[in-house]
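Hi,

Here is the structure I promised to pass on. Have a look at it first, and then read on for what turned up in it.

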Amino acid sequence: MMDKPKKETPPGPPIWMLSLADLISLLLTFFVMLFAMSSVKVDRWDEVVDSLSQSIRPAPVDPTDEPTSQMNIPRVYRKPAMNLDYLSSVIEGAIRDNPILMHARLKHDADKLIISLPGDVMFVPGSEKLAQSAQQALFVLGGVLSNIGNRVGVQGHTDPRPVSARSRYTSNWELSLARAAEVANELKRSGYLDYINIYGFAASRYDTLPRIDDEEKRYEMARRVDIVIEPRSGSGLGGS
C-alpha cells in the first residue's frame, strides 16, 4: 500500500524581511516619540509646508500673462487734424453772431491759429470765475472744437499791474494760470475730450502787443486768454 503524499506548505517571506519590518517599526516609533517630545513653532511649520508644496506642486502658469492680439495699438482711432485755414473760416462763422465771441480776435502765429478772448468780458474782475454769458460763448466754441483732432492749448495773460489786495491770488502768474484752467475745463464740458495744455504767462508777453498810444486799451488787450490750435493732431504734452 502506497503512502499518501504530504501537503506542501506555501513558502513564507524570507527571514530578512521580518527583521527589516521590525527595524522600520522601531524607527517609526522612535521618530513619533521625538516629535511628541518637541515643540513645533506654527509659523515655521507653515513656511516649511509652503516651501514643500511649491517644490512638489508648482503653481500653474497663468495664461493671461501671454500677450494677446486684442491689445492692438493701431486700432485706436484718433480724429485727423483739420487744416487751420479752413478751421479759421469755420470759427469765424460760428462766433460772428455771439455777443461775447464777436470781441475775440483770430490770428495766425507761425503755424498756429490763436483765438484771443478778452478777459474783461470773459471773467469777473480780478477773478478766474467766468461770467454766465462767457460760459455760453465757450459752449459754442467748444462745440466747434469737439469735431477736430488738432492739439489745443490755453494760455492766460494779464497786464503788468499787480493784483488787487482783495484778490485771492498773490500774483498775476497764479491768476493767469487759473483763468487758463477755467477756460480749458469749460471747453471740455462743452465737448472737446482731448488733452488740453494750459499755461499762465502773466505779463511776460506784454511787450509783444501792438504799440498803441492808449495805455488802458493796451491793458485790455493784455488781459486775455488765448486758445492756441496747432496743425498737428494728438494729445501729447508738447509745449507751444
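Gly156 sits across from Gly200, a residue of strand β4. The two strands to look at here are β3 (residues 150-157) and β4 (residues 196-202), which run parallel and are joined by 6 bridges. To get from β3 to β4, the chain passes through helix α6 (residues 172-189), and this β-α-β crossover is right-handed.

Before you go further, bear in mind that this is a predicted model. As for the whole protein, it has 7 helices and 5 strands. If you follow the sequence, they come in the order α-α-α-β-β-α-α-β-α-β-α-β. The protein has 240 residues, and 32% of them count as buried. Take the contacts between residues at least 6 apart in sequence: 72% of these join residues at least 24 apart. On the outside, the protein exposes about 16800 Å², with carbon and sulfur atoms supplying 60% of that area.

Now for the rings. The count of aromatic pairs comes to 2. One of them is Tyr199 with Phe201, a stacked pair with 6.0 Å from centre to centre and 15° between the planes. Tyr199 is partly exposed, at 22% relative accessibility, while Phe201 is buried at 15%. Then there are Tyr206 and Tyr219, whose ring centres lie 5.9 Å apart; their planes meet at 45°, so this pair counts as tilted. That pair links distant parts of the chain, as Tyr206 belongs to the loop between β4 and α7 and Tyr219 to helix α7, 13 residues apart. Are these two tyrosines, Tyr206 and Tyr219, buried or exposed? Tyr206 has a relative accessibility of 11% and counts as buried. Tyr219 is buried too, with a relative accessible area of 12%.

On to the charges. Side chains of opposite charge can pair when their charged atoms come close. How many salt bridges does the structure hold? The number is 12. Here are three you can check for yourself:

- Glu220 and Lys217 are joined by a salt bridge between their side chains, 3.8 Å from N to O. Both belong to helix α7 (residues 215-222), and because they are 3 residues apart there, about one helical turn separates them. Glu220 is partly exposed at 33% relative accessibility, and Lys217 is partly exposed at 45%.
- Asp111 and Lys112 have side chains that meet in a salt bridge of 3.5 Å, N to O. Asp111 is partly exposed, with a relative accessible area of 40%, whereas Lys112 is buried at 18%.
- Glu128 and Lys129 form a salt bridge of 3.7 Å, again N to O. In this case Glu128 is the buried partner, at 6% relative accessibility, and Lys129 is partly exposed at 44%.

If you only have a few minutes, I'd start with the strands: follow β3 through α6 to β4 and look for the right-handed crossover. After that, go to helix α7, where you'll find the salt bridge partners Glu220 and Lys217 as well as the ring of Tyr219.

Shout if anything is unclear.

Cheers

Methods. Residues numbered from 1 in each chain as written. Predicted model: local features only at pLDDT ≥ 70, side-chain atom pairs only at ≥ 80, totals over all residues. Heavy atoms only, no water. Helix = DSSP H or I, 4+ residues; strand = E, 2+ residues; numbered from the N terminus. Buried < 20%, exposed > 50% of the residue type's maximum accessible area, 1.4 Å probe, protein only. Contact = heavy atoms within 4.5 Å. Areas by Shrake-Rupley, 256 points an atom, 1.4 Å probe, with all protein chains shown as cover. Salt bridge = Lys/Arg side-chain N within 4 Å of Asp/Glu carboxyl O. Pairing = 2+ DSSP bridges. Right-handed = clockwise from strand over helix to strand, strands pointing away. Phe/Tyr/Trp six-rings, centres within 6.5 Å; stacked < 30°, edge-to-face > 60°.
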